[in-house]
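I am opening a notebook on a structure that is new to me, and I will write down what I look up in the order in which I look it up.

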Amino acid sequence: MKKSLILALCLSSFSVFSQGYFQQEVNYKIDVKLNDKDHTLSAFEEFEYINNSTTALDKIYIHLWPNGYKNNETALAKQLYDQGNTVMQFAEEKDLGWIDSLNFKIDGNDAKWELDPENIDIAILHLNSVLKPGESIKVSTPFKVKLPSGSISRLGHIEESYQITQWYPKPAVFDKDGWHAMPYLTQGEFYSEYGSFDVSITLPKNYVVGATGDLQTESELAFLEEKVAATQAHFESETFSAEARFPDSDKEFKTVRFTQSNVHDFAWFADKRFEVLKGEVELPHSKRKVTTWAMFVPYHNNLWKDAIEYINDGTYYYSKWNGDYPYNNVTAIDGTISAGGGMEYPNITVIGNAGSAMELEVVIVHEVGHNWFYGQLGSNERDHAWMDEGLNTHNEIRYIQTKYPNNQRMSEMMMGMAETFHFEHLSHHDMNKITYQTVAAYGVDQPIELPSADYAPVNYGAIVYAKTGLEFTYLRDYLGDEEFDKGMQLYYKNWEFKHPQPNDMRAALEESSGKNLAWMFDEIIPTTKQIDYKIAGVKAEDGGFKVKVKNAGQVDCPVRVDAYRYGKLTNTVWLEPGGEDEVFFKGNTFDEFIIDAGENMPDVNRNNNYWKKKGLFAKAEPLKMEFLLGDNEGRSNNAWYTPVIGGNKYDVIMLGVLFHNQTIPKNRLEYTISPLFSVGRLNVAGFADLNYTWTPPKNFKAVTLGLTGKTFGMGIQNPVADSTKGPRGTYYVAHPYLKLAIGKPAARKHYKQNLTLKGAYVYEDGGANFQSTIYGGYVEYDFDFKKRIHSFNANTRVDYVDYNYDVGAINVPGQLMNGQVAVKYGIQYWPKKKKSVELRGYFGQNFMYNGTENNRFGMSLAGQSGTQDVFYEWWMMGRNESSGFYGNQRIENQGGFKTVSDSLTTTSMLFGTNLIFEIPYLPVVLYADFGMLDRNGTMITAYDFGAGIRFSDVFGVYFPIVESSNMYSTATKYWNRIRLTINMNGLRPAEIIRKVL
């Protein structure tokens, strides 16, 4: 009775939904002529608009997407600029594009229309009378398109190679949520109404044309057959032209006609150089045959020789898994696309440059696959990009695994470096896995379900494509291929040539499988919650083993546990979400248990997925020690070693070994240790770091808790009897720290926030005559903003120092506390070359000073390294040198002066300003500094001006031209005043990756 009632309610809800769903229809007839002298299209369009909604319409929003290329104020231009691409900001007039000469008529009568006030690539067509439900109108207009440079985005030309996409006036989608009028974007694709197209294209006779639909022109079909025969002859005789030049256009024109129904877009491509291949594929279910075409430029013949195989196989497998391809033709074009490796349109795809045959196959298969996910299943790509890109990536992964089960595609992409860096075993699936796990490990990932424009560029690939592809690979593993395919085919059957939403896909998969997939659609897709399951214990019991599984992550989802004997999989059990947390394997011959041995589940921490019987029962991934570095393998604890050589003034040369477990993607628990032998001190030197990083579901991108230690020569006092060897003092440092990357926004933000709490213990051993101990630490907040040509950084820090010196028989104790604020603003005055002007300001104030006046703990405009690095955080070649080559290395902090003067230090108050101007074409800068400090109640001012060579914030050499007289002694030789900056901290792998992400 209860089950019957639930079923009745479900059927009732589905019936209401079915009655409420509607879909508009648009049927086009377009005549267009290409002028390849001025790169324009002259066209006339008529479309029938059928109102299948329950709403009376008084206007229609129409996309005029070529206007997205018109100037640097469009949504497209702003998005490109926001991503650091200045192609439209500095484009010449000839490289821009637009649509004009519009004159809309409705059923033959003039109609009022206007451009959207915010976006010039959207028009509002006011209807002469209300369009009632069930009625239709015919809208017509001439139009002319100035084609932009193909280097900008998807529409355009490169010389006389044409990619004609999103080129005609097109009504926006009107559905239950209203109008979806959207400006053209390069990150964020499309949403259009289904209907039919009848398009006639006129152009010089020697162009080869590929387009959406079926070619209806008999003479053009004969022309293509001649091209196919000629291409085959070229392959047999190996006589392809190696030149990229274009032949002259034929003076005679031709008109070719294409028709297609049940599509939501029409694209066409034309090039006079194209070679043509033709094939045929039989569909797996209906056995219907589909014609396949490949059109490519002659000098790419080696890559494209097997293109028909790629198109055929892609069409076959996508049909097998999702539902048969409904059209008659599939075409792949070798094009000049700039927006990614390839771009899909109904029946046809354009492919950018590929570096290898495997890369070309992957891109062709992916883009052909979009005939299902976006083509036949017309989801809103702007709002739900994962429904086309992510599902398509899943099928792409499955295709490669099916056709090339032992593929090493990621390794092959590393151009011979795979073996050196131990990446030789990585597959196509691994590439997606590592991409997602890398952004997740640093906490910069975003949810799968977001509008396209809200993604940071790195996440558009890592999340929309890679993570979604992995999640559906995981879902397929859970349901099994047969059940998963039934669900996807039901989804296809229910929503072919319609506009499905995420819940529609979920409903089909749940209906087919009988499973509750809330864990997938409520927990994984809309959030950044991470999956992490671990084997918590294994016990031998009568007749078998009990394996306890613990959820160490944030998602309660299905878990696969695999049992092995002598390296062979013998049994698999799935634990359901919300159910038991342990599984019993009958039999006592198992010697290994692994969570998700096939690595289909996007688990962010695979180092706890493994148990192997070793004598007594023990959970332990085996240690795998290799040279240099490599990837993070789930079945082993990877460790790496490499010889190390270093040096500084006091240690002279240091020799040792670096041990670490820093991998890609990163481990949660990381360690680095490098014991060194100091030739200069005849003693031990080295450094070590241990840290643990986790990513909370809210508030923080990542939290890192760690401890760093190091010991090197310091150059204070001389405990060595032979004074000719110079100072040989030693320092020992320990830094416990907590770093919090603040904020985990769903939408893309242009700023980063970090909070650091660091403690410090420093012991300086200068022998019998000098020893000191420094305790303390600081709290630091850093705000970093970058958008378009602007950058802004604000940093505030409070230091506390408690020190105690033993100098001979004298003890010198003291405490102090400093507060510091630094702000920096930069603007690119020449964005095309990324040349900037930077202005920085600094203010430091002492809050407490209890002890003997000591410049070591003061603030400085440009003091000795010891002054500006109280806690020994920076790597210095001559830490306590004030002159000579080693003394020229300083740190760019506090007052920021580019001088080596050590006389500008205070324990009271300090103010500094710094100006940097980057010279065009060279890594050369001009600098100017001005500062003030309070010394014993007297305000002292200083300034300097000069030029330098600077490579980012890692390395710089500065040459003073003018300095105030209180900054140096007139006896100081000029070369002793040259400033050297080396920021080794900025070269740490983790810091480099964080900056990229």
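**Entry 1: strand 19 and its partners**

I began at Trp268, which is the bridge partner of Ala211 in strand 19. I keep in mind throughout that this is a predicted model. Looking up the pairing behind that bridge, I found that strand 16 (residues 208-211) and strand 19 run antiparallel and are joined by 4 bridges. Trp268 came up again when I turned to strand 11, since Trp268 is also the bridge partner of Ile164. Strand 11 and strand 19 are likewise antiparallel, with 3 bridges between them.

I then asked which residues of strand 19 are buried on each of its faces. Trp268 and Ala270 are buried on one side, Phe269 and Asp271 are buried on the other, and I therefore note both faces of strand 19 (residues 268-271) as covered, buried here standing for under 20% relative accessible area.

**Entry 2: from strand 11 to strand 12**

Following the chain onward from strand 11, I stopped at Gln166, which sits in the loop between strand 11 (161-164) and strand 12. The phi angle of Gln166 is positive, at about 50°, although the residue is not a glycine. Is Gln166 buried or exposed? With a relative accessibility of 2%, Gln166 counts as buried.

Strand 12 led me to a sheet: 4 strands make up an open, antiparallel arrangement in the order 7-8-3-12. Strand 7 (112-115) and strand 12 (170-171) are the edge strands, and each has a single partner, so one side of each has no neighbour in the sheet. As a reminder to myself, strands of a sheet pair through backbone hydrogen bonds, either parallel or antiparallel. For strand 12, I looked up the pairing with strand 3 (residues 57-63), which is antiparallel and has 2 bridges. In that pairing, His63 has Lys170 of strand 12 as its bridge partner.

**Entry 3: Glu193**

Next I looked up Glu193, which is placed in the loop between strand 14 (178-180) and strand 15 (194-204). Glu193 is buried, with a relative accessible area of 2%. What does Glu193 contact, once its neighbours within four places in sequence are left aside? The residues I found are Gln23, Gln24, Val26, Ala172, Val173, Phe174, Val263, His264 and His499. I also checked Pro171, which is 22 residues away from Glu193 along the chain, and the C-alpha atoms of the two are separated by 7.6 Å.

**Entry 4: two helices**

I turned to helix 7 (residues 389-403) and helix 9 (residues 428-441), whose axes come within 8 Å of each other and cross at roughly 145°. On the side of helix 7 the contact is made by Thr393, Glu396, Ile397, Ile400 and Gln401, and on the side of helix 9 by His428, His429 and Asn432. Sorted by class, this contact has 2 nonpolar, 5 polar and 1 charged residues.

**Entry 5: three loops further along**

Thr528 lies in the loop between helix 13 (518-524) and strand 25 (533-541), and at 11% relative accessibility Thr528 counts as buried. Apart from its neighbours within four places in sequence, Thr528 touches Asp445, Gln446, Pro447, Gln554, Pro697 and Lys744.

In the loop between strand 34 (654-660) and strand 35 (669-678) I found Pro665. The peptide bond that joins Ile664 and Pro665 is cis, with omega at about -10°.

Leu682 is in the loop between strand 35 and strand 36 (683-694), and it has a positive phi of about 50° without being a glycine. Leu682 counts as exposed, at 60% relative accessibility.

**Entry 6: the whole chain**

To finish, I stepped back to the protein chain, which has 16 helices and 50 strands. Its radius of gyration is 34 Å, close to the 30 Å that the globule rule gives for 997 residues, so the chain is as compact as a globular protein of that length. The C-alpha trace spans about 105 × 80 × 65 Å along its principal axes. Of the 997 residues, 56% count as buried. Among contacts with a separation of 6 or more, 65% are between residues 24 or more positions apart. The accessible surface comes to about 41,300 Å², and carbon and sulfur atoms account for 55% of that surface.

Definitions and conventions
Residues are numbered from 1 along each chain as its sequence is written. This is a predicted model: local features need pLDDT of at least 70, side-chain atom pairs count only at pLDDT 80 or more; totals for chains, interfaces and linings use all residues. Side-chain values use heavy atoms; hydrogens and water are left out. Two strands pair if DSSP finds at least two bridges between them. Axes are lines fitted to C-alpha atoms, for helices over the stretch in contact, and angles run from 0 to 180 degrees between N-to-C directions. Contact means heavy atoms within 4.5 Å. Ala, Val, Leu, Ile, Met, Phe, Trp, Tyr, Cys and Pro count as nonpolar, Asp, Glu, Lys and Arg as charged, and the others, Gly among them, as polar. The radius of gyration is taken over C-alpha atoms; the globule rule is 2.2 Å times the number of residues to the power 0.38. Buried means under 20% relative accessible area, exposed over 50%, partly exposed in between (1.4 Å probe, protein chains only). Accessible areas come from the Shrake-Rupley method with a 1.4 Å probe; for residues, only the protein chains shown count as cover.
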